[in-house]
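These are my notes from a session spent looking through one structure. I began with the sheets, then turned to helices, cysteines and backbone angles.

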Amino acid sequence: MDVSFLGGPQPQHGVGVVAPFDFALDRELWRWVPDDVSLRLTRTPYVPVEVSLDLARLVSEHETLRDAVRALSASEPEVVAYACTSGSFVGGLAGERAMCEAMTAAGEVPSLTTSGALLEALDELGAGRIALVTPYTESVTEALEEYLGEAGATVTGRAFLGLTRHIWKVPYRSVVDMARQAVVGAADALFISCTNLPTYDAIPQLEAELRMPVLSANQVTMWSALRRIGVHAVGPYQGLLLQPDAQAEVPPAAQALPAEPSQPAQPTQPAGPEDQEGWT
């Protein structure tokens, strides 16, 4: 069959993504991306270190980021995003800015991080009081609270799982249950942290139920990266993605998610030494 009439593939905008070595949700990132954008992903080198704030610092070292961005440069991205929440808040506001500067210098294109994108999204929504959901241990969750506090935001409630591995396997039901636990005060928005935690299909249900904007790590990363190149992220009934003149739109009640075994928030027993992977 003669296909010459097709004229070749549609021209693409390129978005570079640097992810931690254990990132497992490539497909979720793509769900926010329109057809005229292609993601170019690379991962940081594997580090056999116990999951902790120390590991977050290791996977966000400037030389590691520079090497990753240089590798992406061959595919000519228009913007580069570091898709890791903990790796980008572990050094506070100054550390996050320094990471962006290092990536921008290495790739000579605009750069951003998940934690920086979160602050950008909160500013866009005018949200200063945040309910917080994480799959992390308590110490990593507290570091995120400190980062938000340094930026002037107040955490009104939180829920966390205490996980150190296989975060990408957490079901939506557990995410929804944690969100309900976290929204205990007068919050302006809910943030679900960790780029390795599935959230895409849970966001509409939570926005409909909680009547507030729901942000997630992958959502804000893609939203921020795409807006840098003048492209609108796609996603049904997600308040952050609505056009400015549609901010008052209320999402319809989402269908109930299928019942799945939930994982308890704030476990009383710490994870064992074998649980050493699966965080972002």
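In what order do the strands of the open sheet that contains E5, E6, E7 and E8 stand, and is the pairing parallel or antiparallel? I looked this up first, keeping in mind that the model is a predicted one. I found an open sheet of 4 strands in the order E6-E5-E7-E8, and the pairing is parallel. At its edges I noted strand E6, residues 154-160, and strand E8, residues 214-216, each of which pairs on one side only. Between neighbouring strands of this sheet I read an average turn of 20°, direction ignored.

I then followed one pair within this sheet, where strand E5 (residues 129-134) is joined to E6 in the parallel sense over 6 bridges. As one position in that pairing, I wrote down Val-133, which stands opposite Ala-159 in E6. Helix H7, residues 138-150, packs on this sheet and touches E5, E6 and strand E7 (189-192), while its direction makes about 160° with that of E6. I also saw H10 lying across E7 and E8, where the helix runs at about 85° to E8.

Next I turned to an open sheet of 4 strands with the order E2-E1-E3-E4, for which the pairing is parallel. Here the edge strands are E2 (37-43) and E4 (111-113), and each pairs on one side only. The twist from one strand to the next averages 20°. Strand E1, residues 13-19, runs parallel to E2 and is joined to it by 7 bridges; I noted that Ala-19 has Arg-43 in E2 as its bridge partner. Helix H5 (residues 92-107) packs on this sheet, where it touches strand E3 (79-82) and E4, and its direction makes about 145° with that of E4. Helix H10, residues 217-228, lies across E1, E2, E3 and E4 and runs at about 165° to E4.

I followed H5 to a helix neighbour and found that helix H3 (residues 62-73) packs with H5 at an angle of about 35°, the axes being 8 Å apart. The crossing of H3 past H5 is right-handed. From H3 the contact takes in His-62, Leu-65, Arg-66, Val-69, Arg-70 and Ser-73, and from H5 it takes in Ala-98, Met-99, Ala-102, Met-103, Ala-106 and Gly-107. When I sorted the residues of this contact by character, they divided into 7 nonpolar, 3 polar and 2 charged.

How many disulfides does the model have? I counted 0 disulfides. Cys-194 is in none, with the nearest cysteine sulfur, that of Cys-84, lying 7.6 Å away, whereas a disulfide would need the two sulfur atoms within 2.5 Å. I recorded Cys-194 as buried because its relative accessibility is 1%. Cys-100 is buried too, with a relative accessible area of 14%.

Last, I looked for residues other than glycine with a positive phi, and I wrote down Glu-108, whose phi is near 55°. Glu-108 lies in the loop between H5 and E4, and I entered this residue as exposed because its relative accessibility is 73%. For Tyr-237, also a residue other than glycine, phi is positive and near 55°. Tyr-237 lies in the segment after H10, and I marked this residue as partly exposed because its relative accessibility is 41%.

Technical notes
Residues are numbered from 1 along each chain as its sequence is written. This is a predicted model: local features need pLDDT of at least 70, side-chain atom pairs count only at pLDDT 80 or more; totals for chains, interfaces and linings use all residues. Side-chain values use heavy atoms; hydrogens and water are left out. Two strands pair if DSSP finds at least two bridges between them. Helices (H or I, at least four residues) and strands (E, at least two) are DSSP runs, numbered from the N terminus. Axes are lines fitted to C-alpha atoms, for helices over the stretch in contact, and angles run from 0 to 180 degrees between N-to-C directions. Contact means heavy atoms within 4.5 Å. Buried means under 20% relative accessible area, exposed over 50%, partly exposed in between (1.4 Å probe, protein chains only). A crossing is left-handed if the near helix is turned anticlockwise from the far one by less than a right angle, and right-handed if clockwise. Ala, Val, Leu, Ile, Met, Phe, Trp, Tyr, Cys and Pro count as nonpolar, Asp, Glu, Lys and Arg as charged, and the others, Gly among them, as polar.
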